[in-house]
Amino acid sequence: MSGSALYETFARAPLAFDRGEGSWLVAEDGRRFLDFAGGIAVNSLGHGHPHLVAALTEQAGKLWHTSNLYEIPGQRRLGERLVAATFADKVFFTNSGAEALECAIKTARRYQYVSGHPEKFRTITFEGAFHGRTLATIAAGGQEKYLEGFGPKVDGFDQVPFGDIAAVEKAITPETAAILIEPIQGEGGIREVPTAFLKRLRELCDQHGLLLIFDEVQCGIGRTGKLFAYEWTGVTPDIMAIAKGIGGGFPVGACLATDEAAVGMTPGVHGTTFGGNPLAMAVGNAVLDVVLEDGFLDEVKRKALLMKQGLASISDEFPEIIESVRGTGLMLGLKCKASNTAVNGALRQEEMLAVPAGDNVVRLLPPLTVTDDEIREALSRIRAAAKGLSEAAA
Ligand SMILES: *Cc1c(COP(=O)(O)O)cnc(C)c1O
């Protein structure tokens, strides 16, 4: 046995945390890290948010799990609230983003099947995408490094270059069922899809009888300053996968769909043991209580501007380290000139956490509850990291 009892699938930093307080994580050795990784856009309300802690502990004292053989009142309520706040009419709860995507893909295929088009089962996806690590979602993501060695790629996914509408048009065949896209690529490097492109996808879907699926697992739940990123664009999907931020750190995911798109999801065709369990629903409802509060999303937008302006001036000062700043709201990326892992490592030296992404980007995903002072503190640590790297290179 080498090293640890755990699969060696993660390149873990030699850091373990003992507790969290808002935007801060306290290491076992007592060091306090400013957490702008947020468990990869999961800790939407920071660590130990009192309302979430209360909701979870209250539910834990009452009931943990019953299965979906019975009514789950918290699930009904969270479903109704998500429907009221979005394009959707129907919700299926899962434990993770990948499962939400699996449900989304299955929903699209079933729609075509019950609409008299069993031949339509293929989904068009985009280079740089990330949709999870199940067999179907690695096929959807299409990244060779995640597919290698896992046998034949699950059939039914056709990948086209990011932002290439002619390639999408060419990829549509009589077997196409759906188009799947992240409105802002997260793992791919905080790459925003232009609104005009999403509009064109909507038109193509309507023209060819395809379903438009948005993956808002990372960009949803207030991250961009709207509850969902698609709200910035005026384009609505037929199906949407969410997860990460909706649980604030508790495993929750969901697939949202219109009545029409969900028409094939009839009794018995899909299921889950844990999805939508009472603990998860208590936390999900508590997250929505906070994010939907009057003025909360306006504050996200205001703080995002403060953050982005500060980052832009650091990029101006150290262009040899940080080439540019991208993203919307509190989903920001530093497009690096130095290596993104070096920048991420230098930030950790400053006791600040961020997350590397594709396209040589470092992601900044602070809690939506981050304060102005914490943003200023983050900017000062990012500047110190950039200055250190710049001097080391000189
Ligand atoms: C994280 C992520 C997923 C996968 O979610 P898991 O909970 O890890 O299964 C899917 N899509 C996007 C956009 C993500 O960021």
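**Stop 1: helix H2 and its cover**

Select helix H9 (278-291) and look at what lies beneath: H9 is part of what covers the buried residues of helix H2. You are looking at a predicted model, so keep that in mind as you go. Now select H2 itself, residues 50-62. Its 13 residues reach 18 Å from the first C-alpha to the last, close to the 18 Å expected at 1.5 Å a residue.

Which residues of H2 are buried? Colour Leu-52, Ala-55 and Gln-59, and you have them. They sit on the same side of H2, because they cover an arc of only 65 degrees around the axis. Turn to the face pointing away from that buried side, and you will find the exposed residues Pro-50, Thr-57, Glu-58 and Gly-61.

**Stop 2: H9 meets H3**

Keep H9 on screen and add helix H3, residues 73-85. The axes of H3 and H9 come within 9 Å and cross at roughly 35 degrees. This crossing is left-handed. To show the contact, pick Gly-74, Gln-75, Arg-77, Leu-78, Arg-81 and Leu-82 on the H3 side. On the H9 side, pick Met-281, Gly-284, Asn-285, Leu-288 and Asp-289.

**Stop 3: Gly-275, in the loop leading to H9**

Next, select Gly-275, in the loop between strand E12 (253-257) and H9. Is Gly-275 buried or exposed? With a relative accessibility of 2%, Gly-275 counts as buried. Leaving out residues up to four places away in sequence, Gly-275 touches Asn-68, Gln-75, Phe-93, Thr-94 and Asn-95. You have already met Gln-75, in the contact between H3 and H9. For a sense of scale, draw a distance from the C-alpha of Gly-275 to that of Ala-166: the two are 38 Å apart in space and 109 residues apart in sequence.

**Stop 4: Ala-108 in helix H4**

Move to helix H4 (residues 97-114) and select Ala-108. Its relative accessible area is 0%, so Ala-108 is buried. What is Ala-108 in contact with, once neighbours within four places in sequence are left aside? Show Ala-178, Leu-211, Ile-213 and Ile-239 to see these partners. Another distance to draw runs from Ala-108 to Phe-157: 13 Å, C-alpha to C-alpha, for residues 49 apart in sequence.

**Stop 5: an unusual backbone angle at Ile-221**

Go to the loop between strand E10 (211-215) and strand E11 (239-242), and select Ile-221. Most residues other than glycine have a negative phi. Ile-221 is not a glycine, yet its phi is positive, about 60 degrees. Its relative accessible area is 2%, so Ile-221 is buried.

**Stop 6: helix H11 and what follows**

Select helix H11, residues 340-349. Colour the buried residues of H11: Asn-340, Val-343, Asn-344, Ala-346 and Leu-347. Look down the axis of H11 and these residues fall within an arc of 160 degrees, so they line one face of the helix. On the other side of H11, Thr-341 and Gln-349 are exposed. What do the buried residues of H11 pack against? Add strand E14 (331-336), strand E15, strand E16 (355-357), strand E17 (361-364) and helix H12 to the view.

Just after H11 comes Glu-351, with a positive phi of about 60 degrees. Glu-351 lies in the loop between H11 and strand E15 (352-353). Its relative accessibility is 23%, so Glu-351 counts as partly exposed.

**Stop 7: H12 and its two helix partners**

Now select H12, residues 372-393, together with H11. Their axes come within 9 Å and cross at roughly 120 degrees. H11 and H12 are therefore oblique to each other. The crossing is right-handed. Ala-342, Val-343, Ala-346 and Leu-347 of H11 make the contact with Arg-381, Ile-382, Ala-385 and Leu-389 of H12.

Finally, swap H11 for helix H10 (residues 296-317). How do H10 and H12 lie relative to each other? They pack at an angle of about 15 degrees, with their axes 10 Å apart. That makes H10 roughly parallel to H12. The crossing of H10 and H12 is right-handed. To trace the packing, show residues of H10, including Leu-306, Met-307, Gly-310 and Leu-311, with residues of H12, among them Ile-375, Leu-379, Ile-382 and Ala-386. Ile-382 also takes part in the contact between H11 and H12.

Technical notes
Residues numbered from 1 in each chain as written. Predicted model: local features only at pLDDT ≥ 70, side-chain atom pairs only at ≥ 80, totals over all residues. Heavy atoms only, no water. Helix = DSSP H or I, 4+ residues; strand = E, 2+ residues; numbered from the N terminus. Expected span 1.5 Å × (residues − 1). Buried < 20%, exposed > 50% of the residue type's maximum accessible area, 1.4 Å probe, protein only. Arc of directions from axis to C-beta. Contact = heavy atoms within 4.5 Å. Axes fitted to C-alpha atoms, helices over the stretch in contact; angles between N-to-C directions. Parallel < 35°, antiparallel > 145°, perpendicular 65-115°, else oblique. Left-handed = near helix turned anticlockwise from the far one by under 90°.
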